[in-house]
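Hi,

Here is the structure I promised to pass on to you. Have a look at it first, and then read my notes below.

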Amino acid sequence: MFASLSPEKTDLSKMDAASLWHSLVQHKPFSQKPPKCMARGVGCHVTDTEGVEYFDGVSGLWCVNVGYGRQELAEVAYGQMVDLAYFPLTSMGHEPGIRLAHKLLELLGYEGKVFFSTSGSEANETAFKIARQYHAQTATAGSGPRYKIISRYRGYHGHTMGALSATAQAERKLKYEPLVPGFLHVSPPYYYRFGDGQPEDVYNAACLRELEQTIRYEGAESVAAVIVEPIISGGGVIPPTEGYLRGVREICDRTGILLIYDEVVNGFGRTGKMFGYQHWGVEPDIINFAKGLTSGYMPLSATVVKQHVFAAFLDEPGTDSHFRHITTYGGSPVCTAVGLRSIEILERENLCERAAEMGEYLLDKLQQRLLDHPNVGDIRGQGLLLGIELVKDKASKTPLESDIVASVPRYCMDKQIIIGRNTNTIPGFTNVLIMAPPLVISREEADQLADTVCEAVFAMPSS
Ligand code: PMP
């Protein structure tokens with residue numbers, strides 16, 4: 001008999017055990033300790049069904065940028081559902097979709113077109129298809145087809161088959177092979193781990209040379225796009241070296257390859273500016289958003305192309321060059337209305353500036369208190385996207401054992417503070433603690449977060 005139907009098993013944790021498939025966790029331990037069940041959220045805090053309150057130091061999955069419990073977002077969603085709950089963005093439009101597309105282009109400061117989907121993975125899939133079709137329609141006679149997509153190791157781009165193929169974290173892919181052909185990977189500028197004592201500019205040049213050589217070996221005329229997260233997020237919080245994005249842009253320009261930014265995590269204030277790439281001032285051809293676009297209140301993503309890319313999709317008489325791509329829920333009136341208001345909140349409350357200020361405060365505090373710890377290799381990040389890389393010793397940089405690293409989020413959880421860690425399972429790469437709290441974090445909350453994380457690091461069992 002189906003367990004949740006039996007009368008004695010109607011409480012939530014038993015129903016959970018009977019029916020819910022959770023992401024990224026082993027389910028066996030749930031038989032001893034059922035997963036917590038969250039019920040409410042306000043600001044940076046969520047409360048479970050037992051009434052226990054937690055500080056959410058990772059904003060759900062780095063997405064609740066404006067914080068929990070925003071009544072006005074609920075009201076906007078309600079009002080929009082009453083007015084027009086659903087309509088597709090095929091041959092017709094609707095007001096919130098139009099307004100949000102316009103707003104995104106205004107924020108980016110350039111002309112282009114916005115294609116809405118519902119998740120970060122789909123935004124990336126959309127970008128890959130756009131890149132391939134763009135080249136198919138701009139190829140000169142005898143060239144192409146340009147179909148290859150180059151991404152970087154440690155980059156995460158999603159769970160669907162194309163986005164997973166671009167994701168270059170082997171541990172996430174092994175059991176799902178074969179994936180989509182035509183995806184290649186190069187090294188990211190992971191200076192702390194692979195800089196090997198070289199000056200940063202020398203290492204940066206080596207990373208760029210690797211990209212350029214890969215393109216040369218593959219044949220530039222076969223490569224459609226390069227995709228990068230300006231700051232790698234789930235792969236261990238890895239900001240680019242100085243000059244890296246400019247160098248990638250130059251290589252793409254020289255070789256006719258489109259540059260795609262995955263700003264699914266970086267976007268909407270997370271790094272202390274509206275968009276992560278704005279720290280380096282290097283624009284892409286295509287940019288992808290999700291998560292912070294609605295602060296996680298609604299499933300929405302966007303793929304924004306510059307006008308020169310869209311120009312290849314304008315049907316000339318007698319041609320058939322429009323984009324053959326459709327999504328039922330992408331850009332629904334409710335999702336786009338909520339996105340628009342979430343951005344309005346970011347702007348009204350100066351949350352990008354706040355993220356910059358609080359991020360610097362937290363980074364400084366963590367560095368002052370932890371950098372001398374023998375197992376702390378590096379503390380890095382931008383805005384409220386922060387990582388602490390734990391090592392066995394500073395000289396060898398051998399990653400600290402996963403079970404020791406795991407004691408830190410566990411300790412924090414016991415103090416009702418949720419932090420993340422890089423969940424990769426390749427031995428040696430589970431060692432980055434992650435903090436990405438809502439951008440509304442107060443100084444007191446930042447102090448509490450930093451104090452608890454520091455205590456937890458000092459309480460780690462020895463290696
Ligand atoms: N890109 C990046 C950088 C991400 O971090 C994620 C999700 N964590 C995705 C894409 C995929 O987004 P989604 O889970 O909404 O498909």
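**Two domains**

The chain splits into domain 1, made of residues 36-66 + 351-458, and domain 2, which covers 72-348. Do keep in mind that this is a predicted model. Taken over C-alpha atoms, the centres of the two domains are 26 Å apart.

How many residues of domain 1 are in contact with domain 2? There are 31 of them, and they touch 27 residues of domain 2. On the domain 1 side, the elements that give two or more residues are α2 (59-62), α12 (351-370), β11 (376-382), β12 (385-390) and β15 (432-435). By class, that side of domain 1 has 16 nonpolar, 11 polar and four charged residues.

**Around the ligand**

Now for the ligand. It has 16 residues around it, and the closest are S119, G120, S121, G158 and V264. Which helix gives the largest share of this shell? That is helix α5 (residues 120-138), with three residues. Sorted by class, the shell holds nine polar, five nonpolar and two charged residues.

**Helix α11 and its partners**

Next, try finding helix α11 (residues 333-348) on your screen. I looked at how it packs with two other helices, α3 and α4.

Start with helix α3 (residues 71-84): its axis and that of α11 come within 9 Å and cross at roughly 150°. Because of that angle, α3 counts as roughly antiparallel to α11. The crossing here is right-handed. If you want to click through the contact, α3 brings E72, L73, V76, A77, Q80, M81 and L84, while α11 brings P333, V334, A337, V338, R341 and S342. Nine residues of this contact are nonpolar, two are polar and two are charged.

Then there is helix α4 (residues 95-108), whose axis comes within 8 Å of the α11 axis, with a crossing of roughly 40°. Is α4 parallel or oblique to α11? It is oblique, because of that crossing angle. The crossing of α4 and α11 is left-handed, whereas α3 passes α11 in a right-handed one. From α4, the residues in the contact are P96, G97, R99, L100 and K103, and they meet P333, T336, A337, G339, L340 and I343 of α11. The class split for α4 with α11 is six nonpolar, three polar and two charged.

You may notice that P333 and A337 of α11 turn up in the contact with α3 and again in the contact with α4.

**Helices α12 and α14**

Over in another helix pair, α12 packs with helix α14 (residues 443-458) at an angle of about 30°, and the axes are 10 Å apart. That angle is why α12 is described as roughly parallel to α14. α12 passes α14 in a right-handed crossing.

Which residues meet here? In α12 they are M358, Y361, L362, K365, L366, R369 and L370, and in α14 they are R443, A446, L449, A450, V453, C454 and V457. This contact has 11 nonpolar residues, three charged ones and no polar ones.

**Two backbone details**

Two spots in loops are worth a click before you finish. One is the peptide bond between E177 and P178, which is cis, with omega at about 0°. P178 sits in the loop between α6 (161-166) and β6 (183-186).

The other is N350, found in the loop between α11 and α12. What is the phi of N350? It is near 50°, a positive value in a residue other than glycine.

That's everything from me. Shout if anything is unclear!

Cheers

Key
Residues are numbered from 1 along each chain as its sequence is written. This is a predicted model: local features need pLDDT of at least 70, side-chain atom pairs count only at pLDDT 80 or more; totals for chains, interfaces and linings use all residues. A residue is near a molecule or strand if its C-beta atom, placed from the backbone, lies within 6 Å of it. Helices (H or I, at least four residues) and strands (E, at least two) are DSSP runs, numbered from the N terminus. Ala, Val, Leu, Ile, Met, Phe, Trp, Tyr, Cys and Pro count as nonpolar, Asp, Glu, Lys and Arg as charged, and the others, Gly among them, as polar. Axes are lines fitted to C-alpha atoms, for helices over the stretch in contact, and angles run from 0 to 180 degrees between N-to-C directions. Angles under 35 degrees count as roughly parallel, over 145 as roughly antiparallel, 65 to 115 as roughly perpendicular and the rest as oblique. A crossing is left-handed if the near helix is turned anticlockwise from the far one by less than a right angle, and right-handed if clockwise. Two residues are in contact if their C-beta atoms, placed from the backbone, lie within 7 Å. Domain bounds come from an automatic or database domain assignment.
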